Amino acid sequence: MIGILAAAANSPASQSTQSAVGYPSLFLLVVLGSLVPVVPTGAVVSGAAVVAFHQTEPVALVLVFAVASVAAFIGDVALYWLGLRGVRSRNGSRWLHRLQQRSEQGTLERAERQLDRHGAAVLVLSRLVPAGRIPVMVACLLAEMPLRRFVRGDIPACLAWAAAYQLIGILGGSLFDKPWQGVALAVAMTLVIAAVPAVTGRIRKMRQPKEDAPEQRRGDGPEQEPRTAP
């Protein structure tokens with residue numbers, strides 16, 4: 001992915017040709033990443049923002065923002081619609097089951113509590129927090145939030161998400177003269193941010209057995225028989 005974006009930035013082709021190829025690719029990648037939470041969509045948007053930052057067209061950054069936010073919104077709504085069908089059907093849905101498998105129980109419970117307190121407004125925070133989108137979406141599905149209400153909350157969420165990752169790309173592009181260097185930095189930053197929840201989760205799991213061990217040793221000891229008076 002880094003090589004594709006860097007090649008697009010350094011290509012001798014005209015900017016109109018790059019736009020004809022780059023914006024549809026950005027749209028498809030973000031939609032795919034929203035439907036299948038494996039593609040690092042944040043890194044894609046940040047890399048595209050670096051390429052747009054080094055172009056002479058003043059509307060390039062505006063187009064990246066518009067394409068990324070619309071693609072993220074379409075992907076979110078499509079995924080939520082598929083999950084909502086699973087909630088309302090008797091046999092359930094493979095989409096909903098897969099989403100639940102990607103959400104830890106503790107994270108899902110926190111998302112449900114936040115949804116009860118703040119309603120659809122929590123969707124904005126879920127888009128900005130790494131690995132926060134899927135647990136909140138599952139909580140909305142389990143609460144059977146109507147699609148219209150989800151759409152109203154997801155619009156500002158996608159706008160804030162696109163703006164945040166585009167800002168990372170602009171910062172990365174402003175530090176280097178060559179676009180590929182800015183692309184590499186922006187993608188690395190977004191990947192590090194995305195890896196934070198996984199690292200903290202592993203650390204928490206490693207600490208948990210150590211914390212539970214003393215309690216088990218105290219509880220597993222042999223019970224002493226009460227002394228009887230002589």
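Which residues does UniProt list for "transmembrane region"? In the unreviewed entry, the listed residues are 26-53, 60-82, 155-176 and 182-200. The model described here is predicted, and the annotation comes from the UniProt record.

The protein chain has 230 residues, of which 36% count as buried. Its secondary structure consists of 10 helices and 0 strands, and along the sequence the pattern reads α-α-α-α-α-α-α-α-α-α. Among contacts in the protein chain with a separation of 6 or more, 79% are between residues 24 or more positions apart. The structure holds 0 disulfides.

Two of the spans listed by UniProt, residues 26-53 and residues 60-82, can be described from the coordinates. Residues 26-53 are 82% helix and 0% strand, and the C-alpha atoms at the ends of this span lie 15 Å apart. Residues 60-82 are 100% helix and 0% strand, with end C-alpha atoms 33 Å apart. The latter span falls at the start of helix α4, which covers residues 60-88.

Around the span 26-53, two pairs of residues illustrate separations in sequence and in space. Ser25 is placed in helix α2, residues 15-35. With a relative accessible area of 34%, Ser25 is partly exposed. Ser25 and Val44 are 19 residues apart in sequence, while their C-alpha atoms are 9.8 Å apart in space. Leu191 belongs to helix α10, residues 179-220. This residue is also partly exposed, because its relative accessible area is 41% and the range for that class runs between 20% and 50%. Leu191 and Thr41 are 150 residues apart along the chain, and their C-alpha atoms are separated by 9.9 Å. Leaving aside residues up to four places away in sequence, Leu191 touches Pro40 and Ala43.

Helix α8, residues 133-142, is mostly covered, with 9 of its 10 residues buried. The buried residues are Arg133, Ile134, Pro135, Val136, Met137, Val138, Ala139, Cys140 and Leu141. Cys140 has a relative accessible area of 0% and is therefore buried. Another cysteine, Cys158, counts as buried at 1% relative accessibility.

The loops on either side of α8 each contain a residue with a positive phi. Most residues other than glycine have a negative phi. In the loop between α7 and α8 lies Ala131, whose phi is positive and near 60°. Ala131 counts as exposed because its relative accessibility is 58%, and the exposed class begins over 50%. In the loop between α8 and α9 lies Glu144, which comes just after α8 and takes a positive phi of about 55°. Glu144 counts as partly exposed at 46% relative accessibility.

The interior was also examined for enclosed space. Rolling a probe the size of a water molecule over the atoms shows where empty space is left. The count comes to 1 cavity of 30 Å³ or more, and about 40 Å³ of space lies in the largest cavity. The largest cavity is lined by Asp76, Leu123, Ser126, Arg127, Arg133, Met137, Phe150, Asp154 and Ala157. Helices α7 (122-128), α8 and α9 (147-174) each supply at least two residues of this lining. By class, the lining has 4 nonpolar, 1 polar and 4 charged residues.

Among the lining residues is Asp76, placed in helix α4. Asp76 has a relative accessible area of 0% and is buried, because the buried class takes in values under 20%. When residues up to four places away in sequence are not counted, Asp76 touches Ser34, Arg127, Arg133, Met137, Phe150, Asp154 and Cys158. Of these partners, Arg127, Arg133, Met137, Phe150 and Asp154 also appear in the lining of the largest cavity. Arg133 and Met137 are in addition among the buried residues of α8, and Cys158 is likewise buried.

Notes: Residues are numbered from 1 along each chain as its sequence is written. This is a predicted model: local features need pLDDT of at least 70, side-chain atom pairs count only at pLDDT 80 or more; totals for chains, interfaces and linings use all residues. Side-chain values use heavy atoms; hydrogens and water are left out. UniProt positions are given in the numbering used here, feature names are shortened, and annotations may be inferred rather than shown by experiment. Helices (H or I, at least four residues) and strands (E, at least two) are DSSP runs, numbered from the N terminus. Buried means under 20% relative accessible area, exposed over 50%, partly exposed in between (1.4 Å probe, protein chains only). On a 1 Å grid over the protein atoms alone, a cavity is a set of points where a 1.4 Å probe fits but cannot get out, and a pocket is an open set with protein on both sides within 12 Å along at least five of seven lines; lining residues have an atom within 4 Å of a point. Grid points are joined across faces, edges and corners, and a volume is the space filled by probe spheres set on the points. Ala, Val, Leu, Ile, Met, Phe, Trp, Tyr, Cys and Pro count as nonpolar, Asp, Glu, Lys and Arg as charged, and the others, Gly among them, as polar. A disulfide is a pair of cysteine sulfur atoms within 2.5 Å. Contact means heavy atoms within 4.5 Å.
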